[in-house]
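Grab your viewer and let's work through a few short exercises. Each one has a task, then a solution in steps.

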Amino acid sequence: MEIADRCVASIRYTLTNDAGEVIDQSPEQQPLSYLHGAGNIVPGLERALAGRKTGDSFKVDVEPAEGYGVRHDGLVQSVPRSAFQGVDNVEPGMQFEATTDRGPVLVRVASVDEEQVTVDGNHPLAGQTLHFEIEVAEVRAATEQEQEAGQADVAA
């Protein structure tokens, strides 16, 4: 069976950056299962997986526009430290949910000084080319429940 919309694909993957450093990988005994066509993985990887079969292994580079997006400088801003009332120690790398006029946004603390906190609303991998090494572990038809839920049931 080939990977296509309404199929559940299970993949083993290793994701590296341009320097070859491992950013993420699936546990050896637990491939990532996703519902193809439901937008559960970055678009460039989903497109590269279409038509693949169990046992296929390949490498693919996903450009930022087809991955986690390009970086937007407008999503980086300084806010008063007082906006973090109730948080004793604000440090770079911490994540918070910010309320905006467009709804909630996840932001990461980029830097902190005595009066200001610089937050970044970009995904941490925005602007980066993603280098995937993939092995297709399994392909199967999605159940009706998976199709309705829009995601794979890892217990199925």
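**Exercise 1: R12 and its partners**

At 25% relative accessibility, R12 counts as partly exposed, because this value falls between the 20% and 50% cut-offs. Keep in mind that this is a predicted model.

Task: work out which residues are linked with R12 in a network of salt bridges.

Solution:
- Start with the side chains of R12 and E135, which form a salt bridge at 3.5 Å, N to O. R12 sits in strand β1 and E135 in strand β9 (residues 130–141), so this pair ties together parts that are 123 residues apart in sequence.
- Next, the side chain of E28 meets that of R12 in a salt bridge of 4.0 Å, N to O. E28 lies in the loop between β2 (22–25) and β3 (32–35), so here the parts tied together are 16 residues apart in sequence.
- Now check exposure: E28 is exposed at 57% relative accessibility, while E135 is partly exposed at 32%.
- Put it together: R12, E28 and E135 make up the network.

**Exercise 2: an open sheet**

Task: find which strands stand at the edges of the four-stranded open sheet.

Solution:
- Write down the strand order, β5-β8-β7-β6, with antiparallel pairing.
- Look for strands with a single partner: these are β5 (76–80) and β6 (95–100), so each has one side without a neighbour in the sheet.
- Zoom in on β6, which pairs with β7 (residues 103–112) over six bridges; T100 stands opposite G103 in β7.

Conventions. Residues numbered from 1 in each chain as written. Predicted model: local features only at pLDDT ≥ 70, side-chain atom pairs only at ≥ 80, totals over all residues. Heavy atoms only, no water. Pairing = 2+ DSSP bridges. Helix = DSSP H or I, 4+ residues; strand = E, 2+ residues; numbered from the N terminus. Buried < 20%, exposed > 50% of the residue type's maximum accessible area, 1.4 Å probe, protein only.
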